[in-house]
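Open the model in a viewer and keep the selection panel at hand. The tour below goes from stop to stop and says what to select at each one.

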Amino acid sequence: MTNCSLALLTIALMCAPAALRAQDARLDARLDAHTRDAVVALIDSAHAEGIPSEPLVQKALEGASKHADGPRILTAVRMLAGELGEARAALGPSSTDAEVIAGASALHAGIAPAALSRMRASRAHGSLTVALAVLSDLIARGVPGDTATTVISALTGAGAADAELLRFQQGVERDIAQGATPSAALGVRAQSAFPIAPRRTP
Amino acid sequence: MRQHDEFDAMEQGDDVLERAAGELRRPLRVNAALFDARVMDEVLRSPSGLRARMASLTQPRTFRVSPLVALAAGLLFAVSVAGSVLYVLPASPESAPRTAARAAAGSPIVQFGFVAPHASSVALVGDFNNWDPKATPLRAASTGGVWSVEIPVRPGRHLYAFVVDGTIWRPDPAAPKATGEDFGEPNSALTVADPGMR
């Protein structure tokens, strides 16, 4: 090991506890002691399981800013930790934190874990973050979950880029805003998208 | 014959014009005492001080503008209205808030906008600023009640909302509503694509 590597390792070891202390400081300032301790315990447990901890900190801070009481904050953090864990399991251990966060959102929207796994399989090497976020947003707009999953999975599998997925979502939202039913809007946009997206398939 | 009739008509027209010009050239007789009394009466009836300034603001006025100026004003109005509409509608692949091309340390700059004509303050809160209402205040445009701010946001999916006048939480009406526990105050969802990813 070179001197440079040793120096980098030392810096990394010094920075890691500092980051944790910073998280604690944020919670210290915004939560009562009892809630803070319970939240920190949950976060530590989640961190040990490889679950990203920052979304949990943010959920607790959101609850504090919205003047939610301690038990409600704790329930929300616990529920999110469960969804993040489920998303990580469905997407695989190599998934990024951003993918896990977007996956948890999709699970909360009603997508089955098996559907997340299928999407992972359809895009093994690229990021699924945007695809999962688009899926969640379409469901939030009223598109049936199974239909949205089928269409987004097909687009992802056909090699649609993130920008294309976001444009697709915008198109569906625009059609809904102009009076189309969510299902019809998705169907029409899917018909126009599919002739384009497969060109990327090798 | 026809030329003769036209000549007569022209002469008659000249007579009318000459009589009208004569009337206009005739000196105007004004009763000085009566004139002064009427002027003073109008002065006394007109508001003064603050009343005068308020009256000048509230009373309708008639403006005369050239067609060119009117056309320019109309174009300016149309451009400003179009700009406002584009501002609040999704204008980029990054959900409702607009993402500028430039990036700060891998985080694209995202522009957030909110229309609140009667607000005294608007703040952006989200999972990118610890949900702190004091962290990211929006700036008000000079007119129109449009508030905006540009900040770097890491790629990924984010939740956010606006806090109006320090207490009123509002989701972004132009963005998708977020799912999940929101503690009774709905959030909006923002997806920021990683510029480095396809």
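Are H4(A) and H6(A) parallel or oblique to each other? Before selecting them, note that this is a predicted model.

**First stop: H4 and H6 of chain A**

Select H4(A), which covers residues 70-91, and helix H6 of chain A, residues 113-122; their axes come within 8 Å and cross at roughly 40°. The two helices are therefore oblique to each other. The crossing in which H4(A) passes H6(A) is right-handed.

Now show the side chains where they meet. From H4(A), pick Glu86(A), Ala87(A), Ala90(A) and Leu91(A); their partners in H6(A) are Pro113(A), Leu116(A), Ser117(A) and Arg120(A). Sorted by class, this contact holds five nonpolar, one polar and two charged residues.

**Second stop: H4 and H5 of chain A**

Keep H4(A) and add helix H5, residues 97-109 of chain A; here the axes come within 8 Å and cross at roughly 110°. That angle makes H4(A) roughly perpendicular to H5(A).

On the H4(A) side, the residues to select include Leu80(A), Glu83(A), Leu84(A) and Arg88(A), and on the H5(A) side they include Val100(A), Gly103(A), Leu107(A) and His108(A). The residues of this contact divide into eight nonpolar, two polar and four charged.

**Third stop: Gly180 of chain B**

Leave His108(A) displayed and select Gly180(B). Apart from its neighbours within four places in sequence, Gly180(B) is in contact with Ser105(A) and His108(A). Follow the chain around Gly180(B): the residue sits in the loop between strand S8 (168-170) and strand S9 (188-192) of chain B.

Is Gly180(B) buried or partly exposed? Gly180(B) has 19 other C-beta atoms within 10 Å, so it counts as partly exposed; a buried residue would need 20 or more.

**Fourth stop: where the chains touch**

Widen the selection to the whole contact of the two chains, which takes 25 residues from chain B and 32 residues from chain A. On the side of chain B that touches chain A, strand S7 (156-164) and S9 each supply at least two residues. By class, that side of chain B has 12 nonpolar, five polar and eight charged residues.

**Last stop: chain B as a whole**

Colour chain B by secondary structure to see four helices and nine strands. Read from the N terminus, the order is α-α-α-α-β-β-β-β-β-β-β-β-β. Chain B has 198 residues, and buried residues make up 24% of them. Of the contacts in chain B between residues at least 6 apart in sequence, 60% join residues at least 24 apart.

Note on methods: Residues are numbered from 1 along each chain as its sequence is written. Chains are lettered from A and ligands numbered from 1 in the order in which they are written. This is a predicted model: local features need pLDDT of at least 70, side-chain atom pairs count only at pLDDT 80 or more; totals for chains, interfaces and linings use all residues. A residue is buried if 20 or more other C-beta atoms lie within 10 Å of its own, exposed if 12 or fewer, and partly exposed in between; C-beta atoms are placed from the backbone. Two residues are in contact if their C-beta atoms, placed from the backbone, lie within 7 Å. Ala, Val, Leu, Ile, Met, Phe, Trp, Tyr, Cys and Pro count as nonpolar, Asp, Glu, Lys and Arg as charged, and the others, Gly among them, as polar. Axes are lines fitted to C-alpha atoms, for helices over the stretch in contact, and angles run from 0 to 180 degrees between N-to-C directions. Angles under 35 degrees count as roughly parallel, over 145 as roughly antiparallel, 65 to 115 as roughly perpendicular and the rest as oblique. A crossing is left-handed if the near helix is turned anticlockwise from the far one by less than a right angle, and right-handed if clockwise.
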